[in-house]
Amino acid sequence: MIRKRIVTGLDECRVLWNSLGRGRNVSDLWEFRLCFYRHFKNEPFFLVLEDSLGILGILPLCHLKKEDLFVFFPGETWQGKTWLERTPIYCRDHEALPELLAACPPRTYLRYIEADGTTLPAELDLDEIGYLLHPPQLHFSMDEYYKRFSWKKLKAIKKEIASIFVPGSSWHVNRPADYDLLVRMNQSRFGPQSYFHDSRFREGFRDVVAWLHQRGWLRMVSLEIRGQIAAVDLGAVFDGTYVVFLGGTHADYCGVAKVMNMHHIELAVEQGVSRVDFLCGDFYWKKLWHLDPQPLYKFLSPSLRSELQSREESSEEMDLVLPAVQLGVSAY
């Protein structure tokens, strides 16, 4: 017999989260999620299924009061959508996943679910495409990576990078004060559509920067050109994965994102990481730069799906199912 229980106490949720297993992404770690929990303050709502053998499955949820919506913990939302990708789900038996999803509250919306290579449950729909690069497949060689491009395209990219990265340009790594500069540049570019427009998101990532720096995993890169900071990207290197979260660029340096993106790739190849994660967001450059696409999936509870379909039929606004725009990720 399968039993269902809900856990809302933060300490017990921490224990459950850590039982999900160590993920490849630093954002899978409890301390990372806690940085956002402190500012968003969404009530934990961990769904646990148990049978005679113990825990069968865990869904780490939280409740958004304003939207009356259940999403992945900690509910770091912008415009009704969570931001962090590949939240871990624990199922002792893969065949139990449909039952775990069926046990969700009526208004549940889960995003960026990573398939594990087995048969995809019918309950999941395509969400967005994530973009990765796997240096081992390139034999840790930039020359192998360059072979993905046509000669003409590669020449154009290198020429543009050379025109921006002029003699005297320099890199700076992990300067804490550059986070505020990243925020200002990002807000200047995207205005109210910047994630940093929400102080909870801004301060949550400030805590992330401090925590990553303390653990030695921070990779915040600033590019200085002619004495001025032209771009800042925020990322992390953890357990073989180099993830680029977001960034900001100075308006006077059109095309500087190419310099930043190539720098991340060169560094990843040089350091021998297993994969580089540029996250979701259908920016044209990710396809043009021949990154490896990976579909991620979403789950909408049946009642929420019906509600949204009814809104669509009545021409009401469909905020929850509009494609999420990954504003602020380095790539532009």
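This passage describes the central sheet of a predicted model and the helices around it. Local features required pLDDT of at least 70 and side-chain atom pairs pLDDT 80 or more, whereas totals for chains, interfaces and linings use all residues. Residues are numbered from 1 along each chain as its sequence is written, and side-chain values use heavy atoms, with hydrogens and water left out.

Eight strands (DSSP runs of E, at least two residues, numbered from the N terminus) form an open sheet of mixed pairing in the order β8-β15-β9-β14-β13-β12-β11-β10. Two strands are taken to pair if DSSP finds at least two bridges between them. β8 (109-114) and β10 each have a single partner strand and stand at the edges, so one side of each is left without a neighbour in the sheet. From one strand to the next, the twist averages 30 degrees.

At one of these edges, β10 runs antiparallel to β11 (residues 218-225), joined by four bridges, with V173 opposite V221 in β11. Helix α6 (residues 178-190) packs on the sheet and touches β11, β12 and β13, contact meaning heavy atoms within 4.5 Å. The direction of α6 makes about 110 degrees with that of β12; angles run from 0 to 180 degrees between N-to-C directions, and axes are lines fitted to C-alpha atoms, for helices over the stretch in contact. Helices are DSSP runs of H or I of at least four residues.

Strand β13 (residues 241-249) is mostly covered, nine of its nine residues being buried (under 20% relative accessible area, with exposed over 50% and partly exposed in between; 1.4 Å probe, protein chains only). β13 pairs with β12 (residues 228-238) in the antiparallel sense over eight bridges, and G248 in β13 is the bridge partner of V232. Two residues lie between the strands of this hairpin, in which D239 takes a positive phi near 50 degrees. With β14 (residues 275-280), β13 pairs in the parallel sense over three bridges; Y242 stands opposite V276 in β14. The chain passes from β13 to β14 through helix α8 (residues 256-271) in a right-handed β-α-β crossover, that is, with the strands pointing away from the viewer, the path from the first strand over the helix to the second runs clockwise.

Helix α10 (residues 302-313) lies across β8, β9 (125-133) and β15 (292-300), at about 95 degrees to β15.

G168 lies in the loop between α5 (151-164) and β10 (170-173) and is exposed, with a relative accessible area of 70%. The C-alpha atoms of G168 and E224 are 8.7 Å apart, although the two are 56 residues apart in sequence.
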